[in-house]
Amino acid sequence: MSDDPYRRHRFDVDIGDDRPPLGFTEVRGLSIRVQARPGEEAGDDARDADWLDWRDRFGAIGRVPSVPRRRPASPPLTLRRGITDDRRLWDWLRDWVDGRVEKRDVRVYLLDAAGERARGWRCRDATPARWTGPELAADRPAAATETLELVHEGLDAITGGD
């Protein structure tokens, strides 16, 4: 079995382990939403649950909340690929479960026509949150896939060399 059957796709993913990037069939979650804490009437002890989505709360009003009242939020990064004999994703998850904390900067790159990294995004301090294995059914000719969901501390746009 090949270590990386999906290298022909037009993006690659570096999971921050100083090894060659992995190929995935799908990457989801590259987005940012700006949230805002309600005004001073909420008090300084407002909980995280009191943060509101900027678009939903302030879009119609047209007021821009002050910088201390704004924060970006990103959904988990979801990486999907066919099962291979490369255990890096599984081992990273197991290390996290076993208490060997290793946050990593995970980078997703778009590749140009020559296969060079052209544009990318860095998910800062990512950690595994969920691994989903294949649905195995002998009556369906589907490829066995695995999905790793990562939570992270923020998203940065980067160039190919970063």
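**Exercise 1. Identify the residues that line the largest pocket, and describe the lining by class and by element.**

Solution. The residues lining the largest pocket are Arg80, Thr132, Gly133, Pro134, Glu135, Arg140, Ala142, Ala143, Ala144, Thr145, Glu146 and Thr147. The model is a predicted one.

Step 1, class. The lining divides into four nonpolar, four polar and four charged residues. Gly133 is placed with the polar residues, because Gly is counted in that class.

Step 2, element. Strand β9 contributes the most to this lining, with three residues. Since β9 covers residues 145–151, Thr145, Glu146 and Thr147 are the lining residues in question.

Step 3, volume. The space in the largest pocket is about 160 Å³.

**Exercise 2. Place strand β9 in its sheet: which strands pair with β9, and in what sense?**

Solution. Step 1, the β6 side. Strand β6 (residues 77–82) runs antiparallel to β9, and six bridges join the two. Within this pairing, Thr78 is found opposite Glu149 of β9.

Step 2, the β8 side. Strand β8 (residues 117–132) also pairs with β9 in the antiparallel sense, here over five bridges. Thr127 has Val151 in β9 as its bridge partner.

Step 3, burial. Of the seven residues in β9, six are buried, which leaves the strand mostly covered.

**Exercise 3. Describe the largest nonpolar core: how many residues does the core have, and which elements supply them?**

Solution. Step 1, size and centre. The core has 17 residues. Val13, Phe24, Leu77, Trp92, Val106 and Leu150 are those with the most contacts inside it.

Step 2, elements. Two or more residues come from each of β1, β6, α2, β7 (104–111), β8 and β9. The element that gives the most to this core is β8, with three residues.

Step 3, link to the sheet. Strands β6 and β8, each paired with β9, are thus met again among the elements of the core.

**Exercise 4. Examine the salt bridge of Asp17: what is its partner, and are the two residues buried or exposed?**

Solution. Step 1, the pair. Asp17 forms a salt bridge with Arg88, with 3.3 Å between the closest N and O atoms. The cut-off for such a bridge is 4 Å.

Step 2, location. Asp17 belongs to the loop between β1 (11–14) and β2 (26–28), while Arg88 belongs to helix α2 (residues 88–97), so the bridge ties together parts 71 residues apart in sequence.

Step 3, burial. Both Asp17 and Arg88 are buried.

Step 4, context. The model has 12 salt bridges in total.

**Exercise 5. Compare the exposure of the partners in the salt bridges Asp156–Arg122 and Asp95–Arg100.**

Solution. Step 1, Asp156 and Arg122. The side chains of these two residues meet at 3.6 Å, N to O. Asp156 lies in strand β10 (residues 155–159) and Arg122 in strand β8, 34 residues apart, so the pair links distant parts of the chain. With a relative accessibility of 21%, Asp156 counts as partly exposed. Arg122, at 18%, counts as buried, because the cut-off for buried is under 20%.

Step 2, Asp95 and Arg100. Here the N to O distance is 2.6 Å. Asp95 is partly exposed at 22% relative accessibility, and Arg100 is partly exposed as well, with a relative accessible area of 47%.

Step 3, network. Arg94, Asp95, Asp98 and Arg100 are joined into one network by salt bridges that share partners.

Key. Residues are numbered from 1 along each chain as its sequence is written. This is a predicted model: local features need pLDDT of at least 70, side-chain atom pairs count only at pLDDT 80 or more; totals for chains, interfaces and linings use all residues. Side-chain values use heavy atoms; hydrogens and water are left out. Buried means under 20% relative accessible area, exposed over 50%, partly exposed in between (1.4 Å probe, protein chains only). Helices (H or I, at least four residues) and strands (E, at least two) are DSSP runs, numbered from the N terminus. Two strands pair if DSSP finds at least two bridges between them. On a 1 Å grid over the protein atoms alone, a cavity is a set of points where a 1.4 Å probe fits but cannot get out, and a pocket is an open set with protein on both sides within 12 Å along at least five of seven lines; lining residues have an atom within 4 Å of a point. Grid points are joined across faces, edges and corners, and a volume is the space filled by probe spheres set on the points. A nonpolar core is a set of buried Ala, Val, Leu, Ile, Met, Phe, Trp, Tyr and Cys residues joined through side-chain atoms within 4.5 Å.
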